[in-house]
Amino acid sequence: MHTLRFNLNGRWVEESNLAPTTTLLRYLRDTRGLTGTKEGCAEGDCGACSVAIVELGADGKPEYRAINSCLVLMPMVQGKHVVTVEALKGDEYHPAQVAMAKALGSQCGYCTPGIVMSMFEATYRDDLKQPWQLDDQLCGNLCRCTGYRPIRDAATEVAGTCPNDRFTAALPTSAPASMSFRHEAPGSVFITPTSLTELWDALDAHPDARFVVGGTDLSLEITKRFQLPPKLVSLEGVKELHAITTGSTHVLGSAVTISELEAWSATHLPPVHRMVRYFAARQIKHRGTIGGNLCTASPIGDLPPVLIALGATAVLRSRQGERRVPLELFFVSYRKTALQPKEILAAIEVPALPKTTKAAAYKVSKRRELDISAVSAGLLVEVDAKNVVTTARLAFGGMAATPKRATAAEQLLVGQSWSEVSVEAAAKAIGSDFTPMSDHRGSAGYRSLVAANLLRGFFEETRSTAQPTLAPLHAATVLTDEEVRHG
Ligand SMILES: Cc1cc2nc3c(=O)[nH]c(=O)nc-3n(C[C@H](O)[C@H](O)[C@H](O)COP(=O)(O)OP(=O)(O)OC[C@H]3O[C@@H](n4cnc5c(N)ncnc54)[C@H](O)[C@@H]3O)c2cc1C
Ligand code: FES
Ligand code: FES
């Protein structure tokens with residue numbers, strides 16, 4: 001059995017006897033007695049368990065990133081640096097702690113350590129310039145006693161101050177160490193290969209193993225359903241899966257995180273950026289990946305509709321080689337993909353989007369931040385010089401057992417002029433394209449109406465801008481008096 005080695009609050013530690021399905025949260029509290037990190041929901045929704053890890057930022061430099069320790073399995077921290085709230089107070093309190101105290105941002109105090117850790121990340125980020133970005137940074141942290149206003153004031157005080165302190169001095173100068181890890185015991189396997197060759201070897205040895213990357217979906221089986229997946233192979237350490245290549249066809253590695261995708265897509269694929277803006281919360285975006293989102297094959301996953309609309313192709317790899325499948329055919333049935341045993345989703349290819357193509361993505365959920373879609377859509381239309389539709393790709397989530405295109409509606413558009421009349425006919429046809437379910441997120445009738453209205457809204461929204469972006473909206477609860485006065 002391999003010894004796990006990682007840096008905890010500035011010291012390298014080794015562990016040889018941990019079950020690989022132990023979460024970082026349980027380890028910190030039960031084994032290390034670091035009870036500042038709290039357990040609220042154990043499912044990524046409340047942020048009480050937030051800690052920081054050192055990850056590579058968009059510019060390739062190591063940076064602190066807040067994550068939910070309740071969803072991180074211990075082998076996932078191999079070679080990494082973990083910072084918990086206990087490390088923040090040295091001779092003096094950390095600026096994030098001081099700001100929280102000064103603003104009276106802590107009442108019950110249970111959610112406070114997690115909030116402080118999200119602010120700890122914000123302290124060292126120089127890209128949180130707009131007020132809405134602070135909301136975004138904090139939306140993964142619940143405070144149940146309505147203390148958001150002082151919490152937001154505290155965040156405003158410290159975000160982007162980038163103090164030259166012992167935490168910046170402690171940042172490693174290069175990428176975190178190798179994640180290579182191998183635990184094999186009767187009934188329990190966890191392997192983190194660091195290359196595709198090692199991955200194929202691991203799969204030959206354990207053909208029945210399941211994959212994991214960020215664990216933001218899979219770890220819920222452990223924390224909520226109390227199941228212990230016996231064999232896991234992590235793809236997180238495989239470097240080949242982490243790259244984004246920009247070109248006439250963009251290639252997005254399957255292990256690219258949602259945060260990385262968000263940063264890149266802002267300039268290269270506005271419809272994707274629009275969709276991931278309201279994807280989960282900051283802590284989940286730092287861990288969740290493109291591959292994890294697509295391979296769960298959830299009918300309400302946020303990436304499938306927009307990527308299908310953009311004409312994406314799934315690149316599947318195994319030891320035998322590579323094959324390509326149009327993304328819409330990758331989803332075979334409810335939560336089932338076209339992947340064969342010992343095969344991975346390696347990358348997604350997306351054609352570059354011409355500036356004149358009309359394209360946007362929509363997510364409709366009960367709450368704007370940190371909620372799952374009831375209905376989502378990726379809509380793309382190309383028109384010629386005479387305003388006649390030459391291509392229509394209308395993909396929806398939440399309308400069927402898989403993410404799916406509205407083919408009847410598309411056919412009614414192609415060859416017609418792009419007008420209110422043709423859009424109205426297509427919107428009505430969406431009803432015949434799908435037979436949605438009724439559940440707690442919305443009735444069948446509601447879903448059909450929303451889907452049709454999204455197409456109508458798309459027509460309106462793309463009248464002036466082909467690829468509309470989202471307005472920098474605040475979370476309504478945290479407007480300051482100054483912001484209310486100036487709108
Ligand atoms: C609080 C919370 C909020 C969330 N909000 C959203 C949201 O707003 N929108 C949304 O769409 N999702 C949301 N999710 C779901 C989840 O975070 C995303 O789907 C995320 O992208 C999953 O990525 P991961 O790397 O963590 O997946 P993992 O949990 O590591 O893996 C998920 C599954 O995919 C398989 N898999 C992963 N990568 C590959 C690959 N390359 N090849 C083959 N199989 C693979 C794994 O075997 C596993 O079965 C949320 C989850 C939580 C806990
Ligand atoms: S305990 Fe609630 S997010 Fe982890
Ligand atoms: S301070 Fe704990 S719920 Fe708000």
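## A walk through the predicted model

Valine 212 faces serine 234 of β9 across a strand pairing. Keep in mind throughout that this is a predicted model.

**Around β9**

The pairing that holds valine 212 and serine 234 belongs to a bigger picture around β9. β8 and β9 run parallel and are joined by three bridges. β9 (residues 231-234) also pairs with β7 (residues 188-192), again in the parallel sense and over three bridges. In that second pairing, phenylalanine 190 sits opposite leucine 232 of β9.

**The ligand shell**

β8 turns up again at the ligand. Which elements give two or more residues to the shell around ligand 1? They are β8 (210-212), α11 (282-287), α12 (290-295) and β16 (344-351). The largest share, four residues, is down to α12.

There are 32 residues around ligand 1, and the ones that come nearest are Gly44, Gly214, Gly288, Gly291 and Gly292. By residue type, the shell splits into 14 nonpolar, 12 polar and six charged. Domain 1 (1-175) and domain 2 (241-351) each put at least three residues into this shell.

**How the domains meet**

The domain assignment cuts the chain into domain 1 (1-175), domain 2 (241-351) and domain 3 (359-461). Measure from C-alpha centre to C-alpha centre and domain 1 and domain 2 are 27 Å apart. They do touch: 15 residues of domain 1 are in contact with seven residues of domain 2.

On the domain 1 side of that contact, β3 (50-56), β4 (62-68) and α4 (131-138) each supply at least two residues. β4 gives the most, with four residues. As for residue types, this side of domain 1 has five nonpolar, seven polar and three charged residues.

**A buried phenylalanine**

Phenylalanine 120 belongs to helix α3 (residues 112-123). Is phenylalanine 120 buried or exposed? It has 25 other C-beta atoms within 10 Å, and 20 or more is enough to count as buried, so phenylalanine 120 is buried. Leaving aside residues up to four places away in sequence, phenylalanine 120 touches Ala52, Tyr64, Leu88, His94 and Ala96. Take leucine 88: the two residues are 32 apart in sequence, while their C-alpha atoms are 8.6 Å apart in space.

**The four-stranded sheet**

Now to the open sheet, where four strands line up in the order β17-β18-β19-β20 with antiparallel pairing. At the edges are β17 (358-364) and β20 (404-405), each pairing on one side only. Here are two of the pairings in that sheet.

| Strand pair | Sense | Bridges | Residues standing opposite |
|---|---|---|---|
| β17 and β18 | antiparallel | seven | alanine 360 and leucine 379 |
| β18 and β19 | antiparallel | eight | glycine 378 and alanine 395 |

Another bridge partnership between β18 and β19 matches leucine 380 with arginine 393. The hairpin of these two strands has five residues between them, and asparagine 387 takes a positive phi near 70° there.

Why is β18 largely enclosed by the rest of the structure? Eight of its nine residues are buried, so the strand is largely shut in. As a general point, side chains in a regular strand alternate between the two faces of the sheet.

**Helices on the sheet**

Two helices are worth a look here. Helix α17 (residues 444-461) lies across β17, β18 and β19, and runs at about 40° to β18. Helix α10 (residues 270-277) packs on the sheet too, touching β17 and β18, with its direction at about 10° to that of β17.

α10 is largely enclosed by the rest of the structure, because eight of its eight residues are buried. By name, the buried residues are Pro270, Pro271, Val272, His273, Arg274, Met275, Val276 and Arg277. What covers these residues? The cover includes α9 (258-268), α13 (303-309), β17 and β18.

Notes
Residues numbered from 1 in each chain as written. Chains lettered and ligands numbered in written order. Predicted model: local features only at pLDDT ≥ 70, side-chain atom pairs only at ≥ 80, totals over all residues. Pairing = 2+ DSSP bridges. Contact = placed C-beta atoms within 7 Å. Axes fitted to C-alpha atoms, helices over the stretch in contact; angles between N-to-C directions. Near = placed C-beta within 6 Å. Nonpolar A, V, L, I, M, F, W, Y, C, P; charged D, E, K, R; others polar. Domains from an automatic or database assignment. Buried ≥ 20, exposed ≤ 12 C-beta atoms within 10 Å, placed from the backbone.
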